Amino acid sequence: MPSKRRLRWAALPLGAAAAVALAGCTPTELNGFLPGFVEDGTPTTNQTETVAGLWVTSWVVLLAVGVITWGLMAWALVMYRRRTGQTGLPVQLRYNMPIEILYTVIPLILVLGMFFFTARDQADIETQWDEPDVEITAIAKQWAWDFQYGEDDDAVWTMGVQADPDEAGDIERDKLPTLVLPVDKKVTIDLQSRDVIHSFWIIDFLYKKDMYIGKDNSWSFVPTRVGEYDGKCAELCGEYHSMMLFNVKVVEQDEYDAYLETLREQGNTGDITDAYDRLSNLPGTGASTGSEEEE
């Protein structure tokens, strides 16, 4: 009994110290040092906290499993070490059903639990808006980005070129393609590729999606913090993959509208989504085939 009381009293200051340490954590630390949060904890999108929560919770569970495993290994090393005068192998433990059931059931619970929470959060993130406030098409190409706002004759667009570092390796970010988003609006980005597989990644938004030619993807979210962010291709797509960069600016609605009007005044109007696709002979494009020419 006295030993249990001592352990209880020892646990109180440890618990208090842990609470104080956690209370002193910044939002960045509480979210696993992931990008996408500022000191006041404001996330970049309506999905950022979900992604960060899944990441941090997974690491906490895995760390707890690791600590328990390392502790049991250390305990076995100490308790079952070879003593003076002992020879041969220690007594072997075989066919212990409770232990075998334990180390079968626990990993199964962990895997099913992580699968459940991952599938739940993924389904929520992948839900597309039925009627978005803004619809943008991001078009990947070797090795830059085009962005089209709207569709058909009402669309406006920008066409970008790949990053061009100077002799020191520095890049002028003002020359990179720029994606402009209105804050606190439902945004759907349709993702297309002109050539090979690319991947659309806005780093601080904590999410990325692959882009395939002939198979379009979409991503719906709400930008929740005004600011400038970095984007890049996250799929090895050729020689200048590392130069396939773009800027992201989240702005107020009036600034967003003014930006679109500027593109319209520059004459960047109309639909360009299929203008420069490398594969122009896909089924349904109307291109003639060899057999048709022979006939």
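How many of the 5 residues of strand 6 (residues 198-202) are buried? That one gets settled in the first close-up; keep in mind throughout that this is a predicted model.

**View 1. Strand 6 sits between two pairing partners, strand 7 and strand 9.** Of the 5 residues in strand 6, 4 are buried, so the strand is largely enclosed by the rest of the structure. Strand 7 (residues 207-211) pairs with strand 6 in the antiparallel sense, over 5 bridges. Strand 9 (residues 227-233) also runs antiparallel to strand 6, joined to it by 3 bridges. Trp201 is a handy residue to zoom in on: its bridge partner in strand 7 is Lys208, while Lys232 stands opposite Trp201 in strand 9. Between strand 6 and strand 7 there are 4 residues, making a hairpin, and in that turn Leu206 has a positive phi of about 60 degrees.

**View 2. Strand 2 and strand 3 make another hairpin.** Here strand 2 (residues 144-149) and strand 3 (residues 156-159) pair over 4 bridges, again in the antiparallel sense. Look for Tyr149, whose bridge partner in strand 3 is Val156. The hairpin has 6 residues between its strands, and Gly150 takes a positive phi near 90 degrees.

**View 3. Gln47 is a buried side chain with polar contacts to backbone oxygens.** Gln47 is found in the loop between helix 2 (27-30) and helix 3. Its relative accessible area is just 6%, and since the cut-off for buried is under 20%, Gln47 counts as buried. So what does the side chain of Gln47 reach at 2.7 Å? That would be the backbone oxygen of Ser220. A polar atom of the Gln47 side chain also lies 3.4 Å from the backbone oxygen of Ile125.

**View 4. Helix 4 (residues 97-125) has the span its residue count calls for.** With 29 residues at 1.5 Å a residue, helix 4 should span 42 Å, and its end C-alpha atoms are indeed 42 Å apart. Zoom in on the N-terminal end and you'll find Asn96 as the cap: one of its side-chain oxygens lies 3.2 Å from the backbone nitrogen of Ile99.

**View 5. A nonpolar patch shows up on the surface.** Its members are Ile68, Leu72, Trp75, Leu77, Val78, Met79 and Tyr80, and together they have about 800 Å² of accessible area. Leu77 is found in helix 3 (residues 48-79). Is Leu77 buried or exposed? Exposed, because its relative accessibility is 65% and the cut-off is over 50%.

Technical notes
Residues are numbered from 1 along each chain as its sequence is written. This is a predicted model: local features need pLDDT of at least 70, side-chain atom pairs count only at pLDDT 80 or more; totals for chains, interfaces and linings use all residues. Side-chain values use heavy atoms; hydrogens and water are left out. Patches are made of residues with over 30% relative accessible area and no salt bridge: like charges are joined within 9 Å, nonpolar side chains (Val, Leu, Ile, Met, Phe, Trp, Tyr) within 5 Å. Accessible areas come from the Shrake-Rupley method with a 1.4 Å probe; for residues, only the protein chains shown count as cover. A salt bridge is a side-chain nitrogen of Lys or Arg within 4 Å of a carboxyl oxygen of Asp or Glu. Buried means under 20% relative accessible area, exposed over 50%, partly exposed in between (1.4 Å probe, protein chains only). The expected span of a helix is 1.5 Å times one less than its number of residues. A polar contact is a pair of N or O atoms within 3.5 Å; within protein, one must be able to donate a hydrogen and the other to accept it, and residues adjacent in sequence count only if both atoms are side-chain atoms. Two strands pair if DSSP finds at least two bridges between them.
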